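Q: I'd like to learn how to read a model like this one, feature by feature. Could we put it on screen and start with how a chain is split up?

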Protein chains: 2
Amino acid sequence: MARKKTANQTSSKKSTPSPRDRRTLNQLAELADTVVTAAEKRRDPHLDIPTRSLSNVRYNQTKKILEMGSNTTRRQLFNLSQAKSFMQTILVASGTQQLIEQGKTTSIRGLYYLLKHTIEGTREETFNEQSECDPVIEDAEVLLNSLREELHLYAQKRGDMVGELVLHDSGDEIDCSRMGSGGYGIPSIVEPEVIQFKKCNARFVLHVEKDTVWQRFNEDKFWRKHRCILTHGAGQPPRGVRRMLYRLHNELKLPVYCLLDNDPWGYYIYSVIKQGSINLAYESRRMAIPGTRFLGLRSKDFDRCKLSDSVKINLNDTDRKRAKQIANYPWFAKKKPWQKEIQQMLSNGFKLEVESLISKDISYVTEEYTPARIAEKDWLD
Amino acid sequence: MARKKTANQTSSKKSTPSPRDRRTLNQLAELADTVVTAAEKRRDPHLDIPTRSLSNVRYNQTKKILEMGSNTTRRQLFNLSQAKSFMQTILVASGTQQLIEQGKTTSIRGLYYLLKHTIEGTREETFNEQSECDPVIEDAEVLLNSLREELHLYAQKRGDMVGELVLHDSGDEIDCSRMGSGGYGIPSIVEPEVIQFKKCNARFVLHVEKDTVWQRFNEDKFWRKHRCILTHGAGQPPRGVRRMLYRLHNELKLPVYCLLDNDPWGYYIYSVIKQGSINLAYESRRMAIPGTRFLGLRSKDFDRCKLSDSVKINLNDTDRKRAKQIANYPWFAKKKPWQKEIQQMLSNGFKLEVESLISKDISYVTEEYTPARIAEKDWLD
């Protein structure tokens, strides 16, 4: 089976790098240069890595996203406690350089295997566990001011898309309005080098939490009736879905509405899409969408939609604790409607899933609930 | 936003049922008739439900799939301990009838919400938890001799597909060779009423365990070079992916090769694709693919591929226990190559992930490993 043929195609062939790849390669070269220069001048080689801890994260009130502060942590080669992580950082940088030069991408697990080896003449492993490699990848991202995707690393691939959009993906034209019941699987890397938007008839994006809810909206062809794009992220959306939403919002100027469960987890998903996550604050600049709107479910929906007691799910202690934490997030703390929303869930004493609306009618969520919320502009910001 | 328009479209409108839907509706009507007839004749209404326990599961040596035996369990209306589950069964049957008549589908969570209510004049709920409803759905499947999908119920949607196949999905033409980096998201219901195969240039199906590995194969356009269809199921493949593989194998006569991790979980995934699962043995007839081949990773690959010690992952006690259980499955117990395979993993003392091949080269798995195994016909049956 074509083995001879493939044996001739060495995978180390260099592809022509895109402008963005060239920029990343330059940054990698600069990084290497600082080490070489220091060595030549007989100075200690070191890296100043922006600090990725909570103490260095702040909420930018103007941009309305989470940002990293300006603190950095110095990592030195000639320091017994820092030498290994210094070398790991350089190793990760050289691994991503290899990926970019070969025009290939891999997962963070793949990069770990690519770089893991016993250091010659020792019994020391470059990395013992993937958990040792992952934070170094994050260091490389902030150090190089590059998204993970720009370093040719992909995350888990989850989530699907349908709707009034035609795009090009790696040269193939994808008409998201002709994707049947299955939909277009959102790639984990959706950067402009891979995905270009070609034609958009959509007026907004509806992002739902779960694939099961997405299937209901797709089966009812909600996106055709209301001229929109429909996405889901199978829970907390992975990076690819967040970047896709970001690009749809910023490049195509589409409002993004989220339909999530009325529970602390739903609030949290919204918070991450809107402001970014605390752990990966440095990504917010190119992932967070401050303009995202929370369409529901709302704590008032039990009364508003006249739901039956049967669909209530009692809050547990964890729910109550999480709800209070989220209410104190700086971007929720000063917003009265959000305080009221979370307070009402707590005083309700129960949470509600989007699927509970099916107790009204199978298509209540697509034919009544969602169109009404958008028509009335009744959402939380 | 088009609210008035949608208000006129009542969701209870009846669609024209497909021949298969008519068959299922007839079975539902027959079920109801037995209850009515019994009542009219003043006999105790009862249902004889095929027993879904391990004691009633057997491995059919001829068909090489797991099957249910002929034991049934009687469920009576006038029996204090059975009355509730009798009524729940009828309720689930009437819920699926409603779905089929409306031409709509929903998730098992959706059906639970659809049917959950307080019984009039009592404080009794039809179902307290979804965990009470799920086994009743399985009862309905065996009772009606229908797949869950035929009852218009969908499972979680996971997994993507690309390759040399053109299909129709709900009237849309999907060319799986023009799906970019994202791929076609495999629907959870892939029955012939929804999905029709139109044109196939593929010679086989390659099913890989993880989305990250799938991305590697897709990026290298393996499916174009080797004329195949490439699928993944994000771990243990959901029902939609298994049914899709079944249809590709049986209708298009394509061999199915699996590329899974060299660990007990990889063996188990293969076992379920091939013979069916013990818990849902009644589905094997229309889900299991006895002809599926296990391409790798194999326990001999550490030596064969000259991998480095760095990529070994030590087996833990659970791994060893699971491996021995799997070796004793009737469909593995009598196969010497499988006994040797599992025994070698145990004596190796370590497991291997598909991603570990990246330590040879980023594209070793697509350019060397997989083509060589297929060319040499070196797989386990």
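Q: Into which domains is chain A divided?
A: Domain bounds come from an automatic or database domain assignment. Here chain A has domain 1 (14–44 + 79–154) and domain 2 (160–375). Their C-alpha centres are 35 Å apart. Before we go on: this is a predicted model, where local features need pLDDT of at least 70, side-chain atom pairs count only at pLDDT 80 or more, and totals for chains, interfaces and linings use all residues. Residues are numbered from 1 along each chain as its sequence is written, while chains are lettered from A and ligands numbered from 1 in the order in which they are written.

Q: How many residues does each domain of chain A bring to the contact?
A: Two residues are in contact if their C-beta atoms, placed from the backbone, lie within 7 Å. By that rule, domain 1 of chain A gives 9 residues and domain 2 of chain A gives 7 residues. For residue classes, Ala, Val, Leu, Ile, Met, Phe, Trp, Tyr, Cys and Pro count as nonpolar, Asp, Glu, Lys and Arg as charged, and the others, Gly among them, as polar. The side of domain 1 of chain A that touches domain 2 of chain A then has 3 nonpolar, 2 polar and 4 charged residues.

Q: What does the whole of chain A look like in numbers?
A: Start with secondary structure: helices (H or I, at least four residues) and strands (E, at least two) are DSSP runs, numbered from the N terminus. Chain A has 15 helices and 17 strands. Its C-alpha trace spans about 75 × 50 × 40 Å along the principal axes. For burial, count C-beta atoms placed from the backbone: a residue is buried with 20 or more others within 10 Å of its own, exposed with 12 or fewer, and partly exposed in between. Of the 381 residues in chain A, 45% are buried. Among chain A contacts between residues at least 6 apart in sequence, 71% link residues at least 24 apart.

Q: How are chains A and B related?
A: You superpose copies by least squares on the C-alpha atoms of residues with pLDDT of at least 70 in both. A turn of 180 degrees, with a shift of 0.0 Å along the axis, lays chain A on chain B with an RMSD of 0.0 Å. The two copies are thus related as by a two-fold rotation axis.

Q: And how many residues of chain A are in contact with chain B?
A: There are 63 residues of chain A in contact with 63 residues of chain B. On the chain A side, elements that each supply at least two residues include helix H1 (3–8), helix H6 (211–219) and helix H15 (364–375). That side divides into 19 nonpolar, 26 polar and 18 charged residues. The copies meet through the same surface, because 100% of the interface residues of chain A are also interface residues in chain B.

Q: Now a helix. What span does H3(B) reach?
A: The expected span is 1.5 Å times one less than the number of residues. Helix H3 (residues 83–102) of chain B has 20 residues and reaches 29 Å from its first C-alpha to its last, close to the expected 28 Å. Its buried residues include B:Phe86, B:Leu91, B:Val92 and B:Ile100. Among the elements covering the buried residues are helix H2 (19–40) and helix H5 (130–144) of chain B. After H3(B) comes B:Gly103, with a positive phi near 65 degrees.

Q: Which backbone angles should catch my eye?
A: Most residues other than glycine have a negative phi, and most peptide bonds are trans. A:Lys64, in the loop between strand E2 (57–60) and strand E3 (65–68) of chain A, has a positive phi near 60 degrees. A:Lys64 has 16 C-beta neighbours inside 10 Å, so it counts as partly exposed. B:His152 also has a positive phi, about 65 degrees, without being a glycine. With 24 C-beta neighbours inside 10 Å, B:His152 counts as buried.

Q: Where is the cis peptide bond in chain A?
A: Look at the bond from A:Gly296 to A:Leu297, where omega is near -5 degrees. A:Leu297 sits in the loop between strand E15 (293–296) and helix H11 (301–304) of chain A. In chain B, a cis peptide bond joins B:Gly296 and B:Leu297, with omega about -5 degrees.
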